[in-house]
Amino acid sequence: MTAPDKPHGPDNPGAAATPVDPGRLDTERRIRAYERQLRRLASELSLAEARERREIASDLHDHIGQALAYVSRKVSALKGNAVFSGMDEDFSEVLSILSQTIRYTRDLTVEISPPVLYELGLSAAIDWLAERAHNRFGLKVTSHQSGPSQPVADDIKVFMFKSVQELITNAAKHARADRVTVHTFWRPDFLEIRVGDNGCGFDTSTFESGLTAQDCFGLFSIRERLSYAGGRIEIQSAPDRGTSVLISAPYTLTDEADCD
Ligand SMILES: Nc1ncnc2c1ncn2[C@@H]1O[C@H](COP(=O)(O)OP(=O)(O)OP(=O)(O)O)[C@@H](O)[C@H]1O
Ligand SMILES: [Mg+2]
């Protein structure tokens, strides 16, 4: 009787390596390509949304905002001329409604797409986010910079701005923090931003394992967008020890950015 063949493996180093299943390799390659495509799609959607919001905001400002300002000036002049007409109160009421609508339109324009991001750049936009967080959530957000600022491509600006906005919102929503610090590091070849809070912290193991709860999209979208842009996200947090999130990205979006 012949002895049965020894199984292949570490106990039998002389044995031939397990043949690689070409079908499995092909499936893995296709899954990776599909993941890359999904990441690209999500990032392109997010950029398309930002472009569309910018157009809507500029339409609101150029057409509705300007027209309301013109009407307000006209009504104000008419009110002056109609001082003895007995319609003074009516004019005042109309002017007050107009002025509220102008204010509302201006706030809405800024909320849809803050012009500061495109006109004054990322640093100014982060300062704007800090001020907004204070007004909106009562959160004290301080912003610091290190290194000489550099030009940032619009796509990267949008990704970083949205990421910082999400991280500040998370600190307000989940951390029960009263202080948030945003530190921007202008490195020679890439941009790095650290957002830290003094809140309750959380267990990051789920996020690190690549999983997230089904209805939690914030951190997941930051990771996907930055990965598409050739950047990354790193979270340090522990219960009761606050949270510090570091995000980074190159200054321009490159074609190779999406490679594994
Ligand atoms: N700064 C933080 N402090 C404490 N917990 C946090 C912080 N940031 C995130 N978390 C925890 O991580 C989870 C995932 O955050 P994520 O932003 O992905 O989702 P979300 O904020 O719950 O929902 P969404 O962002 O989709 O509105 C949160 O539900 C929260 O439990
Ligand atoms: Mg969130």
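**Exercise 1. Determine which helix holds asparagine 170 and which residues distant in sequence it touches.**

Solution. In this predicted model, asparagine 170 has its place in helix α5. Once the neighbours within four places in sequence are set aside, the contacts of asparagine 170 are with Ala175 and Leu219. The next step is burial: asparagine 170 has a relative accessible area of 15%, and because buried means under 20%, this residue counts as buried.

**Exercise 2. Identify the protein donors of the magnesium ion (ligand 2) and work out how they are placed along their helix.**

Solution. Begin with the atoms: the protein donors are Glu166, through OE, and Asn170, through OD1, and they lie 2.0 to 2.2 Å from the magnesium ion. Next, locate the two residues, which both belong to helix α5 (residues 154–174) and are 4 residues apart there, so that about one helical turn separates them. Finally, consider their exposure: glutamate 166, with a relative accessible area of 22%, is partly exposed, whereas asparagine 170 is buried at 15%.

**Exercise 3. Describe how helices α1 and α5 pack, and state the character of the residues where they meet.**

Solution. Take the geometry to start with: helix α1 (residues 22–81) and α5 have axes 10 Å apart and pack at an angle of about 95°. Since angles of 65 to 115 degrees count as roughly perpendicular, α1 is roughly perpendicular to α5. Then list the partners: from α1 come Ser43, Ser46, Leu47, Glu49, Ala50, Arg51 and Arg54, which meet Asp154, Asp155, Val158, Phe159 and Lys162 of α5. Sorting the residues of this contact gives 6 charged, 4 nonpolar and 2 polar.

**Exercise 4. Find the largest nonpolar core, the element that gives the largest share of it, and the surroundings of valine 182.**

Solution. The largest nonpolar core has 42 residues, and those with the most contacts inside it are Met160, Val164, Val182, Ile193, Ile233 and Ile247. Helix α5 supplies the largest share of this core, with 9 residues. A second core, separate from it, has 7 residues, among them Val75, Leu95, Leu98 and Ile102. Turning to valine 182, and not counting residues up to four places away in sequence, its contacts include Ile126, Val141, Val164, Ile168, Ile193 and Val195, as well as His144 and Arg194.

**Exercise 5. Summarise the chain as a whole.**

Solution. The chain has 7 helices and 5 strands, which follow one another from the N terminus as α-α-α-α-β-α-β-β-α-α-β-β. Of its 260 residues, 36% are buried. Among contacts with a separation of 6 or more, 69% join residues 24 or more positions apart.

Conventions: Residues are numbered from 1 along each chain as its sequence is written. Chains are lettered from A and ligands numbered from 1 in the order in which they are written. This is a predicted model: local features need pLDDT of at least 70, side-chain atom pairs count only at pLDDT 80 or more; totals for chains, interfaces and linings use all residues. Side-chain values use heavy atoms; hydrogens and water are left out. Donors are N, O and S atoms within 2.8 Å of the metal (3.2 Å for Na, K and Ca); water is not among the atoms, so sites may look incomplete. Buried means under 20% relative accessible area, exposed over 50%, partly exposed in between (1.4 Å probe, protein chains only). A nonpolar core is a set of buried Ala, Val, Leu, Ile, Met, Phe, Trp, Tyr and Cys residues joined through side-chain atoms within 4.5 Å. Contact means heavy atoms within 4.5 Å. Axes are lines fitted to C-alpha atoms, for helices over the stretch in contact, and angles run from 0 to 180 degrees between N-to-C directions. Angles under 35 degrees count as roughly parallel, over 145 as roughly antiparallel, 65 to 115 as roughly perpendicular and the rest as oblique. Ala, Val, Leu, Ile, Met, Phe, Trp, Tyr, Cys and Pro count as nonpolar, Asp, Glu, Lys and Arg as charged, and the others, Gly among them, as polar.
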